[in-house]
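Biologist: Please take one part of this model and go through it closely, in words a first-year student can follow. I would like to hear about a sheet and what packs on it.

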Amino acid sequence: MNKTERMLAIVLELQRRSWIRAEDLAATFEMSVRTIYRDMQALSEAGVPLLGSPGQGYSLSEGYFLPPIHFTAEEAVTLLLGTDFVEQQFGQHYRHNAESARRKIESILPERVREQSDPIREGIRLLAQRQTLYNVDDRQYVEPIGQAIVQKRKLQFGYSKPHQQTITRTVCPYGLALNMNHWILVAYCEIRQDIRHFRLSRLSDLVELDEHFVMPEDFKLAEYRPPDHRHMVIRLQFESHMTERIQEVGHFYMETIEPQEQYTIVTMRVRHFEDVLYWILSWGDSVTVLEPESLRQHMIEKINNMLKRY
């Protein structure tokens, strides 16, 4: 990015945010703070109405707008693919907005850019892996939870895990995350007195309460990293010809894959071996559990029970 492009991008950032610090701009554009100061001085000399405040950073005077923005073909494709993704992964309200946004973007594209972008977009297809028929479509909860997050209202719902009874939870919703095709609610749970994660597909009877909550000042979803409670290490031995298949299938809890001369060693880290028990069983006689011994014994029990059934 040359200086002219960077200065234009800085103005766009200032239009997008009410206040922004020089340190944040420097991190965004991977420049030194001193360079950002020089850019801000150049923008001011060029007539851009900048406001500065110690501790807050820079802002644009109210009412200042750039001339209409022109997209390149690649930028147009990126935006249109983004609307395609929202239409696939979000609920009806957001799908409608994405469709409307797509039509607006397409309507303002010059003919030349549209002719360049259409073939690129037609050559890319997003394949969404949605829930199976026996699972709840979690997209139905995205909009009401999103509204509760914005309005800072508590939520109440029934929450059930496999082989467990449904428990009524009251939570302060902090944010939503899409992880491996599953929507996750990050919220403060009043039962657990701590931040917990809830899969939307396991929710039922969602109700927005009248009670408000105060978001912690130090909580930012983009910077949030949940504590890692996966303390159990599992080592598996696979036949060597299964290596490529293991790499293709993968697993969320997989740490390493170490191909050796005759075998491939896979290391996993979990909270409980139940997290991966059925995944291991699905490999049949192509896998051997090396450790822990408790998992080996549990595997023996499961296999014996299977033998009794057959």
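Modeller: Two strands count as paired if DSSP finds at least two bridges between them. The model is a predicted one, and in it four strands form an open sheet in the order S9-S10-S8-S11, with antiparallel pairing. At the edges stand strand S9, residues 254-259, and strand S11, residues 287-291. Each of these has a single partner strand, so one side of each is left without a neighbour in the sheet. From one strand to the next, the twist averages 20 degrees.

Inside that order, strand S8 (residues 232-239) is paired with strand S10 (residues 263-270) in the antiparallel sense, over 8 bridges. One residue pair can be looked up in the structure: phenylalanine 238 has threonine 264, in S10, as its bridge partner. The sheet also carries a helix. Helix H10, made of residues 293-309, packs on the sheet and touches S8 and S11. The direction of H10 makes about 140 degrees with that of S11.

For another helix, turn to H7, residues 142-151. Buried residues in H7 are Val142, Ile145, Gly146, Ala148 and Ile149. They cover an arc of only 160 degrees around the axis, which puts them on the same side of H7. In general, an α-helix has 3.6 residues a turn, so residues three or four places apart point the same way. The cover over the buried residues of H7 includes helix H5 (92-108) and strands S3 (153-159), S4 (167-179), S5 (182-189) and S7 (203-212). Just after H7 comes lysine 152, with a positive phi of about 55 degrees.

How values were computed. Residues numbered from 1 in each chain as written. Predicted model: local features only at pLDDT ≥ 70, side-chain atom pairs only at ≥ 80, totals over all residues. Heavy atoms only, no water. Helix = DSSP H or I, 4+ residues; strand = E, 2+ residues; numbered from the N terminus. Axes fitted to C-alpha atoms, helices over the stretch in contact; angles between N-to-C directions. Contact = heavy atoms within 4.5 Å. Buried < 20%, exposed > 50% of the residue type's maximum accessible area, 1.4 Å probe, protein only. Arc of directions from axis to C-beta.
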